[in-house]
Amino acid sequence: MITSRTFTKLPLKIDPEDTHSGLSGLFAAATVSQSFREMLLSNPEKALRQGYLGKDFGLSQADTDLIISLNAKSLPDLAKQVVQTLRS
């Protein structure tokens with residue numbers, strides 16, 4: 001079944017001093033695991049809740065909200081959207 005998600009831009013409070021260290025682990029897991037990557041892109045809330053190999057990513061609430069709010073079609077697209085949001 002094909003479904004479509006509609007997203008509303010959320011006002012995110014991103015701390016410029018935050019290192020966003022959990023995002024590195026998230027992208028590493030998505031790079032090495034096709035099944036995790038597919039879940040992250042199709043159901044990011046579930047992917048973040050389940051983690052990867054039992055590991056939590058330690059994301060801040062702002063980073064969690066950011067990942068869940070994006071609508072990416074590929075991992076490079078997700079990375080691009082994250083970087084653009086963090087830079088704005």
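In what order do the elements of the protein run from the N terminus on? Colour the chain by secondary structure and follow it from that end: the elements run α-α-α-α-α, and the secondary structure comes to five helices and zero strands. Keep in mind throughout that this is a predicted model. Of the 88 residues of the protein, 34% count as buried, and among the contacts with a separation of 6 or more, 53% are accounted for by residues 24 or more positions apart.

**First stop: helix 1 and helix 2**

Select residues 21-32, which form helix 1, together with residues 34-42, which form helix 2, and look at how the pair packs, with an angle of about 120° and axes 5 Å apart. Helix 1 and helix 2 are therefore oblique to each other. Now show the side chains at this contact, where Leu26, Ala29, Ala30, Thr31 and Val32 in helix 1 meet Gln34, Phe36, Arg37 and Leu40 in helix 2. The residues of this contact divide into six nonpolar, two polar and one charged.

**Second stop: the inner side of helix 2**

Stay with helix 2 and select Phe36, Met39, Leu40 and Leu41, which are the buried residues of this helix. If the other helices are displayed as well, the buried residues of helix 2 can be seen to pack against helix 1, helix 3, helix 4 and helix 5.

**Third stop: the largest nonpolar core**

Which residues of the largest nonpolar core touch the most other members? Select Leu26, Phe36, Leu40, Leu78 and Val82, which hold that place among the 20 residues of the core. The elements that give two or more residues to this core are helix 1, helix 2, helix 3 (44-50), helix 4 (61-69) and helix 5 (75-87), and helix 1 gives the most, with five residues. Centre the view next on Leu78, which, when its neighbours within four places in sequence are left aside, is in contact with Phe27, Leu40, Leu41, Leu70 and Ala72.

**Fourth stop: Val82**

Move from Leu78 to Val82, whose place is in helix 5. Is Val82 buried or exposed? Val82 is buried, with a relative accessible area of 4%. Not counting residues up to four places away in sequence, Val82 touches Leu23, Phe27, Leu66, Ile67 and Leu70. Add Asp63 to the selection as well: Val82 and Asp63 are 19 residues apart along the chain, and their C-alpha atoms are separated by 9.0 Å.

**Fifth stop: helix 4 and helix 5**

Widen the selection to the whole of helix 4 and helix 5, which pack at an angle of about 130° with their axes 10 Å apart. Helix 4 and helix 5 are therefore oblique to each other, and their crossing is right-handed. On the helix 4 side the contact is made by Asp63, Leu66 and Ile67, and on the helix 5 side by Val82, Thr85 and Leu86. The residues of this contact divide into four nonpolar, one polar and one charged.

**Last stop: Leu53**

Finish by selecting Leu53, which is found in the loop between helix 3 and helix 4. Phi of Leu53 is near 50°, a positive value in a residue other than glycine. Switching on a surface display is useful here, as Leu53 is exposed, with a relative accessible area of 78%, whereas Val82, visited earlier, is buried.

Technical notes
Residues are numbered from 1 along each chain as its sequence is written. This is a predicted model: local features need pLDDT of at least 70, side-chain atom pairs count only at pLDDT 80 or more; totals for chains, interfaces and linings use all residues. Side-chain values use heavy atoms; hydrogens and water are left out. Axes are lines fitted to C-alpha atoms, for helices over the stretch in contact, and angles run from 0 to 180 degrees between N-to-C directions. Helices (H or I, at least four residues) and strands (E, at least two) are DSSP runs, numbered from the N terminus. Angles under 35 degrees count as roughly parallel, over 145 as roughly antiparallel, 65 to 115 as roughly perpendicular and the rest as oblique. Contact means heavy atoms within 4.5 Å. Ala, Val, Leu, Ile, Met, Phe, Trp, Tyr, Cys and Pro count as nonpolar, Asp, Glu, Lys and Arg as charged, and the others, Gly among them, as polar. A nonpolar core is a set of buried Ala, Val, Leu, Ile, Met, Phe, Trp, Tyr and Cys residues joined through side-chain atoms within 4.5 Å. Buried means under 20% relative accessible area, exposed over 50%, partly exposed in between (1.4 Å probe, protein chains only). A crossing is left-handed if the near helix is turned anticlockwise from the far one by less than a right angle, and right-handed if clockwise.
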